[in-house]
Amino acid sequence: MLRLITDFDGPIMDVSERYYRVYQLCLDKTRYADQVVTELSKAEFWQLKRSHTPEKQIALKSGLDAEQAQEFSLLRKQTVHTEPYFEYDTLVPGAEAALTKVQEAGIDLVVMTMRRVRELDYAFNKYNLGRFFPENRRYCLSNDYVKTRDVEDKPLLMAKALAELPPAADTWMVGDTEADITAAKRHGIKVMGVESGIRDRSQLELYQPDLIVQNLSATVDLILS
């Protein structure tokens, strides 16, 4: 049996609009009443996120001072994963077709994400994605899980999955961050980095995945060939 373990945000969901809306909100709430700030365009902002620029650096670039940057960073952390903003997430173009291809090919499909149950359920319900992932193929965080760092939490989720899933002859992991690559490597699983998410190619290269491809469609084409 061939298995594909995919991250959710990046390969399947495009979170750039959510992150940008939260950036705009935090900038607006943190600036002084008469302060002139420089709101980055979405393209500029997303390029900074993809090159792993720290939040405080983004705040400073936008014209906030050091104290405000601290406040901005904190507010962003509290807001970015909250209910009102998940509605801005959209499907990555071609992702749904790629999942259909995987399913039709009889490949065992697993989702592994740092989203909490309610956050994953929200997207599954909105885009009818549950049809690709039965309950026992969904690995995410419980609603009350206390996060540390994704790069620490994701390998733990991978360990849980590997302990519970039936053995597979061949397994690939696909993801868009250092956490995905670290989780796969720590457990001896081949991993592809995708450029459709929150890290650019140069950031992905630092963690040495087996391959770097454009998106989930390219991943699936490679696996099926």
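A residue is called buried when its relative accessible area is under 20%, exposed when that area is over 50%, and partly exposed in between, with a 1.4 Å probe and protein chains only. The model is predicted, so local features need pLDDT of at least 70 and side-chain atom pairs count only at pLDDT 80 or more, while totals for chains, interfaces and linings use all residues. Residues are numbered from 1 along each chain as its sequence is written, and side-chain values use heavy atoms, with hydrogens and water left out.

Helices here are DSSP runs of H or I with at least four residues, and strands are runs of E with at least two, numbered from the N terminus. In helix α2 (residues 42-50), the buried residues are Phe45, Trp46, Leu48, Lys49 and Arg50. Their cover includes α1, α3 (55-61), α4 and α10 (201-205). Just after α2, histidine 52 adopts a positive phi of about 65°.

Two of the helices that cover α2, namely α1 and α4, also pack against each other. The axes, which are lines fitted to C-alpha atoms over the stretch in contact, with angles from 0 to 180 degrees between N-to-C directions, come within 9 Å for α1 (residues 16-30) and α4 (residues 66-79) and cross at roughly 140°. That angle makes α1 oblique to α4; angles under 35 degrees count as roughly parallel, over 145 as roughly antiparallel, 65 to 115 as roughly perpendicular, and the rest as oblique. The crossing is right-handed, meaning that the near helix is turned clockwise from the far one by less than a right angle, whereas anticlockwise would be left-handed.

Contact means heavy atoms within 4.5 Å. On the α1 side, Tyr19, Val22, Tyr23, Leu25, Cys26, Leu27, Lys29 and Thr30 meet Gln68, Glu71, Phe72, Leu75, Arg76 and Thr79 of α4. These residues divide into eight nonpolar, three polar and three charged. Nonpolar covers Ala, Val, Leu, Ile, Met, Phe, Trp, Tyr, Cys and Pro; charged covers Asp, Glu, Lys and Arg; polar covers the others, Gly among them.

A second helix pair is formed by α6 (residues 95-104) and α11 (residues 216-224), whose axes come within 8 Å and cross at roughly 20°. The two are therefore roughly parallel to each other, and their crossing is left-handed. Ala95, Ala98, Leu99, Lys101 and Val102 in α6 meet Leu216, Ser217, Val220, Asp221 and Leu224 in α11. Seven of these contact residues are nonpolar, one is polar and two are charged.

Finally, the cysteines. Cysteine 26 is buried, at a relative accessible area of 0%, and cysteine 140 is buried at 19%. The whole structure contains zero disulfides, a disulfide being a pair of cysteine sulfur atoms within 2.5 Å.
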